[in-house]
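Visitor: Please show me the model, and explain the terms as we come to them.
Guide: Certainly; here it is.

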Amino acid sequence: MKWSISVGRLFGIQLRIHLTFFLLLAFIFASVFAQHGLNAAIMSALFICAIFACVIIHEVGHSLIARRFGKEPKSITLLPIGGMVEVEEMPRKPAQEIAIALVGPFINLVIAGILYLLTGPDVKVGLPTLYPDSGAAFIGQLIGINIMLAAFNLLPAFPMDGGRVLRGLLAMKLNYVRATKLAAGFGQTIAAFFVFFGLFNNWWLAIIGIFLYLGAGAESRQVVLQSLLAEVGAGEAMTTEYISLRPGDSLAAAIEHFHHGCQQDFPVIGDSGVVGILTRDRILASIHTKGLDARVDEVMDKNFAVVEANMGLDQVYRILRSGNKTAVVVMDGGRLKGIISMDGISRYFMVKAALKGTDVAG
Ligand SMILES: [Zn+2]
């Protein structure tokens, strides 16, 4: 995620903190300091850090369960509005998704329980104030906030944890796309309520509402796209009429094709078969650094991805996205059959939608 810094690894998962989090911390420190002095300001900053430590443990819980189900978590990012786990792909088995979602709020309740047991029944569990004025108030409020975190995250507002549970439950009866659309629609309704209610009472809630609204829409579109892609084979969507280059061609020759045709990515074919892909980005970046006389094999991407013609387009899309590639080559029985690019995929669906007379984004 942009504007975030890596602060190390937890259980092998990269932990990142968004820079706006430090802004929040500085803002709260400064405003408490101005009104109540240094001790209060330090106390409130420590309290914010303690809350966010609980948020990180919550996210680690999600991540470790996801890993158990074979979905490797890539990173955890701490934002001022909460934590976020980036997983390669969420499992599509409803029971697994529900388990991953429930473990987060469960962990907050466990933290509250442990703090309560450690401090004994005299501790005053309370709602957070601007700053806790004693060690006992600190623990009491931390227990309170963990209970609140559990309850808030369980609201059925997709993509929050409760919303994921809802999607999982719906997906037991309906197909995954339908379940996601319903959960996302419901989540956006709740998010709109957060924004409306928050504007008059708590601007923090309004900001969370906006993020939830956008998040629900984005994830819903992603699921629809993935399911559309899964129905198509790579061989069906590949471009078979393309110009290829030779390793010894000059960059000038490549630019000639790039300039006068509409192809953006060129397979480079040597004596033994495909040896690389020359992408638009590489052509443009090399004009100045290498010059027009540079050979194609000096500039091409030798680390290109190969897919089989019978592979699902959803897998191809994942390879393109995760490898930051603009094109892959399609092989069938060791022979080059075609190329697939991001542009090609969207062109394919544009034509398909036009033929059907339906809207791809649905
Ligand atoms: Zn969660």
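Visitor: Are H58 and H62 buried or exposed?
Guide: Both H58 and H62 are buried, a term that requires under 20% relative accessible area, whereas exposed means over 50% and partly exposed lies in between (1.4 Å probe, protein chains only). This is a predicted model, in which local features need pLDDT of at least 70 and side-chain atom pairs count only at pLDDT 80 or more, while totals for chains, interfaces and linings use all residues. Residues are numbered from 1 along each chain as its sequence is written, and side-chain values use heavy atoms, with hydrogens and water left out.

Visitor: What makes H58, H62 and D161 donors of the zinc ion?
Guide: Donors are N, O and S atoms within 2.8 Å of the metal (3.2 Å for Na, K and Ca); water is not among the atoms, so sites may look incomplete. NE2 of H58, NE2 of H62 and two OD entries of D161 lie 2.0 to 2.5 Å from the zinc ion, so they satisfy that limit.

Visitor: Why is the site of the zinc ion called irregular?
Guide: Four donors count as tetrahedral if all angles lie between 85 and 135 degrees; four count as square planar and six as octahedral if opposite donors are over 155 degrees apart and all others between 65 and 115; anything else is irregular. The angles among the four donor atoms here are 55 to 150°, and the site is therefore irregular.

Visitor: What separates H58 from H62 along helix α2?
Guide: About one helical turn, because they are four residues apart in α2 (residues 38–68). Helices (H or I, at least four residues) and strands (E, at least two) are DSSP runs, numbered from the N terminus. The donor spacing along the chain is H-x3-H-x98-D.

Visitor: How do you know that the count of disulfides is zero?
Guide: A disulfide is a pair of cysteine sulfur atoms within 2.5 Å. The cysteine sulfur closest to that of C49 belongs to C54 and is 11 Å away, too far for a bond. The count is accordingly zero.

Visitor: Why is C49 called partly exposed?
Guide: C49 has 36% relative accessibility, so it counts as partly exposed. C54, with a relative accessible area of 6%, is buried.

Visitor: Why does F11 count as exposed?
Guide: Its relative accessibility is 52%, so F11 counts as exposed. F11 is placed in the loop between β1 (4–10) and β2 (13–18), and its phi is near 55°, a positive value in a residue other than glycine.
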